[in-house]
Amino acid sequence: MRTKQYRVALSEAERAELLLLIGRGAAPARTIRRAHLLLAAADDLLDADVAHALHTSVATVMRVRRRFAEAPPDGRLQHVLYDRPRPGAAPKLDAKGEATLIALACSPPPTGRTSWSLQLLADKLVELHVVESISDESVRRTLGKKPAQAVEGRALVHRPRGRGL
């Protein structure tokens with residue numbers, strides 16, 4: 001039998017916490033999979049067997065073992081089970097920019113147009129120096145999360161076929 005570089009030795013409290021987490025089933029799937037993985041690894045199963053049983057890769061099993069071994073003793077389950085927060089990109093539009101977008105979408109469309117398109121709104125925001133650049137997709141997402149359509153009781157912008165708002 002091959003030796004493992006990182007061993008998982010769970011205390012009874014940690015094992016009980018993992019079983020409780022799995023039993024509740026209210027955690028994200030990734031967290032529950034990691035809990036199952038830790039329990040299987042603690043039972044000294046081979047990485048390939050654990051990966052096959054949990055429908056994941058051997059690299060994932062090895063990565064979780066390593067995170068467990070390198071985690072500080074206090075709170076090591078939290079370190080392994082949950083990802084660090086990811087900041088993501090900053091929003092293109094602040095509250096004032098969103099208000100400007102909604103006001104634009106509610107305003108009459110440009111001359112020669114029957115309605116605003118997402119690209120027209122994006123171009124107008126850049127023209128008004130609200131943002132330096134913005135995509136029609138960002139405009140769509142911003143309008144989609146706002147209850148602005150209830151203001152006019154109609155669709156605010158023309159949506160190209162095949163794209164939902």
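This is a walk through one predicted model, from its overall layout to a pair of helices and a few single residues.

Let us begin with the whole chain. It holds 9 helices and 2 strands, and read from the N terminus the elements follow the order α-α-α-α-α-α-β-α-α-α-β. The chain has 165 residues, of which 33% count as buried. Among contacts with a separation of 6 or more, 55% join residues that lie 24 or more positions apart.

Now turn to helix α2, which covers residues 29–42. Its 14 residues reach 20 Å from the first C-alpha to the last, close to the 20 Å expected at 1.5 Å a residue. Several of its residues are buried: Thr31, Ile32, Arg34, Ala35, Leu37, Leu38, Leu39, Ala40 and Ala41. What lies over them? The cover of the buried residues of α2 includes α1, α3, α4 and α5.

One of those covering helices, α4, deserves a visit of its own. Helix α4 spans residues 58–70. With 13 residues at 1.5 Å each, α4 should span 18 Å, and its end C-alpha atoms are indeed 18 Å apart, so the two values agree. Which residues of α4 are buried? They are Val61, Val64, Arg65, Arg67 and Phe68. These buried residues cover an arc of only 160° around the axis, which means that they sit on the same side of α4. A little helix geometry is handy here: an α-helix has 3.6 residues a turn, so residues three or four places apart point the same way. The cover over the buried residues of α4 includes α1 (12–24), α2, α3 (47–54) and α5 (76–81).

How do these two helices meet? The axes of α2 and α4 are 10 Å apart and pack at an angle of about 80°. Angles of 65 to 115 degrees count as roughly perpendicular, and α2 and α4 are therefore roughly perpendicular to each other. On the α2 side, the contact is made by Arg34, Leu37, Leu38 and Ala41; on the α4 side, Thr60, Val61, Val64, Arg65, Arg67 and Phe68 take part. Sorted by class, this contact has 6 nonpolar, 1 polar and 3 charged residues.

Among the residues in that contact, arginine 34 is a good one to click on. This arginine belongs to helix α2. Is arginine 34 buried or exposed? Its relative accessible area is 12%, and because buried means under 20%, arginine 34 counts as buried. Setting aside neighbours within four places in sequence, arginine 34 is in contact with Val64, Arg67, Val80, Leu81, Tyr82 and Asp83. Of these partners, Val64 and Arg67 also appear among the buried residues of α4.

Two loop residues round off the tour, both with a backbone angle worth a look. Aspartate 44 follows α2 and is found in the loop between α2 and α3. Its phi is positive, about 65°, although aspartate 44 is not a glycine. At 33% relative accessibility, this aspartate counts as partly exposed. Further along, histidine 129 lies in the loop between α7 (118–127) and α8 (136–144). Histidine 129 has a phi near 60°, again a positive value in a residue other than glycine. Its relative accessibility is 71%, and since exposed means over 50%, histidine 129 counts as exposed.

Notes:
Residues numbered from 1 in each chain as written. Predicted model: local features only at pLDDT ≥ 70, side-chain atom pairs only at ≥ 80, totals over all residues. Heavy atoms only, no water. Axes fitted to C-alpha atoms, helices over the stretch in contact; angles between N-to-C directions. Helix = DSSP H or I, 4+ residues; strand = E, 2+ residues; numbered from the N terminus. Parallel < 35°, antiparallel > 145°, perpendicular 65-115°, else oblique. Contact = heavy atoms within 4.5 Å. Nonpolar A, V, L, I, M, F, W, Y, C, P; charged D, E, K, R; others polar. Expected span 1.5 Å × (residues − 1). Buried < 20%, exposed > 50% of the residue type's maximum accessible area, 1.4 Å probe, protein only. Arc of directions from axis to C-beta.
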